[in-house]
There are 2 protein chains.
Amino acid sequence: MELFEALHTQRAIRRFKPDPVPDDLVRRVLDAAIRAPSGGNSQPWSFLVLKDAEVKRQVGAFYKRAWDHAGLSPLANDPDPSRARVYSSATFLSERMGEAPLLILVCLRGRGGQVSVTSGSSIYPAAQNLMLAARGLGLGTVLTTVHRRYEAEIKALLGIPEDVDTVALVPMGYPAEGVRFGPTSRRPVEEVAFQDRWGQAFL
Amino acid sequence: MELFEALHTQRAIRRFKPDPVPDDLVRRVLDAAIRAPSGGNSQPWSFLVLKDAEVKRQVGAFYKRAWDHAGLSPLANDPDPSRARVYSSATFLSERMGEAPLLILVCLRGRGGQVSVTSGSSIYPAAQNLMLAARGLGLGTVLTTVHRRYEAEIKALLGIPEDVDTVALVPMGYPAEGVRFGPTSRRPVEEVAFQDRWGQAFL
């Protein structure tokens, strides 16, 4: 797949076919993730691939509890229909996270809870590579973080060391019947790009 | 360019030709950046494109001061030659940041300094899209964050509102003579991927 096609058609996929994801595709996706940049090429990432049904079920149960406690239910009635739609779809996912063909827990090593926004600069580019590579292989993903409400419990469940942070939970699978990749709706470049000074139009 | 070729050959480029970057390419790069996912499709990004020589010079001077104060000089003698090389190249960049054909300041809106690692999940995927799109167009970039030592000064200089954080400074230009894109060296998937439980081999 052409690079710009992948960039422009990646979108959050939250409903999956039950078909398993072949191991060699998981490997290609991870091999793309590790090509991402990181500060001083520190590569502070680990990827915990969850395939076991019982492990997925338990992590999914934590996710569901975290989602229910996130206080987002007012979004169901948001006047912006796209926000209401995202909420509805994300709620659907929260009920079935543990049934996704595969879950990938993206981990950041060596910060031990001391995670500032810039530590994200050494891990979320890898997560984005992972999701773009999945898109290129016809696999759907979505980046989620609400599991962090139960970070301690999930780390205990999976034997994750203390100095490791779980910074994203990414379900992966073939998109369900009727679920399609992009294009996505975004505010245009004109509205978010400035030139030389804040507020000054680009071009 | 094919997606996986871009993913596997993106690498930090820190030396640029003086040639300007055509505006239509900057626009394509930004149009790829805004396709990235963000929490609840909040799109909390702004991109400040710095083209004016004097503005770049001033931001570059802050970058140089921040780099010099980052206490990284022991890396010059790091026993790992790849770390020593990154340090040397990054020091070179710190002396010429303001001369890059273009600087893009990646901004995160609405957090007002309350930036946790997960707020990074709504901005660094966009930064990665930006750098991959640049790679696809033959443009070099590198993700830097050390300017944040002078975050307040840079925000004042560029008129950036209080509730906006500048989370990355990305120079962009055509790679200098002799500077090439990837492949990059990374610890292999086997060493960073686990299955179902921390420490358990993937596959």
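## How chain A holds together

Let's start with contacts inside one chain. In chain A, 82% of the contacts with a separation of 6 or more come from residues 24 or more positions apart. Keep in mind that this is a predicted model.

As for what is tucked away, 47% of the 203 residues of chain A count as buried. The C-alpha trace of chain A spans about 55 × 40 × 35 Å along its principal axes.

## The parts list

Chain A is built from seven helices and five strands. Reading from the N terminus, you meet them in the order α-α-β-α-α-β-α-β-α-β-α-β. The radius of gyration of chain A is 18 Å, close to the 17 Å that the globule rule gives for 203 residues, so chain A is as compact as a globular protein of that length.

## A sheet with a visitor

Now for the sheet, which draws on both chains: five strands form an open sheet with mixed pairing, in the order 3(A)-4(A)-2(A)-1(A)-5(B). At the edges sit strand 3 (140-141) of chain A and strand 5 of chain B, each pairing on one side only.

Look at the spot where the chains join in this sheet. Strand 1 (residues 45-50) of chain A pairs with strand 5 of chain B in the parallel sense, over three bridges. To find one residue pair there, pick out A:Val49, whose bridge partner in strand 5 of chain B is B:Gln195.

There is also a helix to spot against these strands. Helix 3 (residues 53-69) of chain A lies across strand 1, strand 2 (102-109) and strand 4 (164-173) of chain A, and runs at about 110° to strand 1 of chain A.

## Where the two chains meet

The contact between the chains takes 72 residues from chain A and 72 residues from chain B. On the side of chain B that touches chain A, the elements giving two or more residues include helix 1 (3-9), helix 2 (23-33), helix 4 (81-96) and strand 5 (193-195) of chain B. Helix 5 of chain B gives the most to that side, with eight residues. By type, the residues on this side of chain B divide into 38 nonpolar, 20 polar and 14 charged.

## How the copies are related

Turn chain B by 180°, with 0.0 Å of shift along the rotation axis, and it superposes on chain A with an RMSD of 0.0 Å. That is the relation of a two-fold axis. And which surface do the copies use? 100% of the interface residues of chain B are also interface residues in chain A, so the copies meet through the same surface.

Definitions and conventions:
Residues are numbered from 1 along each chain as its sequence is written. Chains are lettered from A and ligands numbered from 1 in the order in which they are written. This is a predicted model: local features need pLDDT of at least 70, side-chain atom pairs count only at pLDDT 80 or more; totals for chains, interfaces and linings use all residues. Two residues are in contact if their C-beta atoms, placed from the backbone, lie within 7 Å. Helices (H or I, at least four residues) and strands (E, at least two) are DSSP runs, numbered from the N terminus. Ala, Val, Leu, Ile, Met, Phe, Trp, Tyr, Cys and Pro count as nonpolar, Asp, Glu, Lys and Arg as charged, and the others, Gly among them, as polar. Two strands pair if DSSP finds at least two bridges between them. Copies are superposed by least squares on the C-alpha atoms of residues with pLDDT of at least 70 in both. Axes are lines fitted to C-alpha atoms, for helices over the stretch in contact, and angles run from 0 to 180 degrees between N-to-C directions. The radius of gyration is taken over C-alpha atoms; the globule rule is 2.2 Å times the number of residues to the power 0.38. A residue is buried if 20 or more other C-beta atoms lie within 10 Å of its own, exposed if 12 or fewer, and partly exposed in between; C-beta atoms are placed from the backbone.
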